[in-house]
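Student: Got a minute to go through this one with me? I'd like to start with the cysteines.

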Amino acid sequence: MSLLVVGLSHRTAPVGVLERAALTGEVPTRLLHDAAATATVGEAALLNTCNRIELYADVDKFHAGVAELSLLLAHHSGVDLEELTSHLYVHYEDRAVHHLFSVACGLDSMVVGEGQILGQLRDALAKAQEEHTAGRGLNELFQQALRVGKRAHSETGIDKAGQSLVTFGLEQVAAGAGEIAGKRALVVGAGSMSSLAAATLVRAGVTDLLIANRTPARAERLVEILGPGAARTLDLAKVPEALADVDLVISCTGAAGVVIRAEDVAAAVAARTSGEPLALLDLAMPRDVDHAVHELPGALLVDLESLSHAHAASPGAGDVDQVTRIVADEVAAFGAAQRAARIAPTVVALRSMASDVVAAELGRLDSRLPDLDERSRAEITQTVRRVVDKLLHAPTVRVKQLAAEPGGASYADALRELFDLDPAAVHAVSGTPVGGPQPSGGGAR
């Protein structure tokens, strides 16, 4: 497997670019299928969150793969290729694995160590499986990434630093608008992030919680999950007038445009009598709340852009170094296992060829010595096979060990050349071309 990652995230692109590049509706599915259908791609998966868009692909040519995936990202996001390219990052083979494992551990998240990314990775794999764009290679890779992420959270204190965006966002709200307990709140949306926000607000002690969603049934379902008396639904069309009656709004929908307008917030602020600011936490990408709300007196808007600035100024996570070592160890182990797996078909083909040679020679022996008794024939057969096994044992064990090291694929090539193995025999064992996909040159940048 030659893994290629092409993507952009909060680390490489400003929020404005991420907002314009956001993939909504059926666009992610179309992008996934188009990526898998390109000539250089064998498998594809898409990680699409509010902070990142990443295409993972098994490719047979590095440069062609980068060009095709970059073009697809530009086409489906609607951002001009020239502008998008300056914000893209590319990782290849071991560096691509390292990136995915780091993402799974929360090391690459806006809020370092946050655990939501594991669910997002699981969803990305499930989507690729559902759309039949992920095969054995990406399945194994993503499953291992999930295991690495779980290991990091169980063996280190990264969770202490790893708040969710919701928790971190509410901390920023509390810093500017007072404690969450006792506030009246409105959650707009009923997806996974909104559900987490609603549950967090209930635990924080809000006195009245409203849930509004484009699909009323989903809002009603969320209210049921939260428990009796914890929340009630609100018609989405009544959100503007409800703004005056709440203290905090959290919005995270998949809408393509603004959901909460500046003029509606201004009217709500003017109608408030408490004297406290109306706080709005916008976790959507693209944004749900009009950016102009930042300029309104009496309103406090916390969005992904302000969260990014706030986290950049906060202390680093205490156990990041330990998680970084876990990632490095897991990447090395995964790479060694992958390289060893690549040589296995060659070893199997070699032993198969040796078995065929033994069978042929024993057949010749039978024709030359037809009167050989069964006991002698069995003893000769066992002796010949034992000799061949002993001759092959040391080199095959050693070549597996060497193949697990970086550059180990060359040992498989040497084995095929030395024993003149039929490429078709190796292909029959592995199901992939001899030597696997080859990069056209270059490396990760």
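Student: Is Cys 105 buried or exposed?
Tutor: Cys 105 counts as buried, because its relative accessibility is 0%; buried means under 20% relative accessible area, exposed over 50%, and partly exposed in between, with a 1.4 Å probe and protein chains only. Keep in mind that this is a predicted model, where local features need pLDDT of at least 70, side-chain atom pairs count only at pLDDT 80 or more, and totals for chains, interfaces and linings use all residues. Residues are numbered from 1 along each chain as its sequence is written, and side-chain values use heavy atoms, with hydrogens and water left out.

Student: OK, and how many disulfides does the structure hold?
Tutor: It holds 0 disulfides, a disulfide being a pair of cysteine sulfur atoms within 2.5 Å. For Cys 105, the nearest cysteine sulfur is that of Cys 50, 19 Å away.

Student: Why is there no bond for Cys 252?
Tutor: Its closest cysteine sulfur, in Cys 50, is 6.6 Å away, which is too far for a bond. Cys 252 also counts as buried, at 17% relative accessibility.

Student: Switching to the sheet: what's the strand order?
Tutor: The order is β2-β3-β1-β4, an open sheet of 4 strands with antiparallel pairing. Strands here are DSSP runs of E, at least two residues, and helices are runs of H or I, at least four, numbered from the N terminus. Two strands pair if DSSP finds at least two bridges between them.

Student: Which strands stand at the edges?
Tutor: β2 (41-48) and β4 (89-92) do; each has a single partner strand, so one side of each is left without a neighbour in the sheet.

Student: How many bridges join β1 to β3?
Tutor: There are 7 between β1 (residues 3-9) and β3 (residues 52-59). Leu 4, for one, has Ala 57 in β3 as its bridge partner.

Student: Now α10. Which of its residues are buried?
Tutor: Met 193, Ser 194, Ala 197, Ala 198, Thr 200 and Leu 201. Down the axis of α10 they fall within an arc of 165 degrees, so they line one face of the helix; the arc is that of the directions from the helix axis to the C-beta atoms.

Student: And what's on the face turned away from that buried side?
Tutor: That face of α10 carries the exposed residues Ser 192 and Arg 203.

Student: Last one: what takes a positive phi just after α10?
Tutor: Gly 205, with a phi of about 95 degrees.
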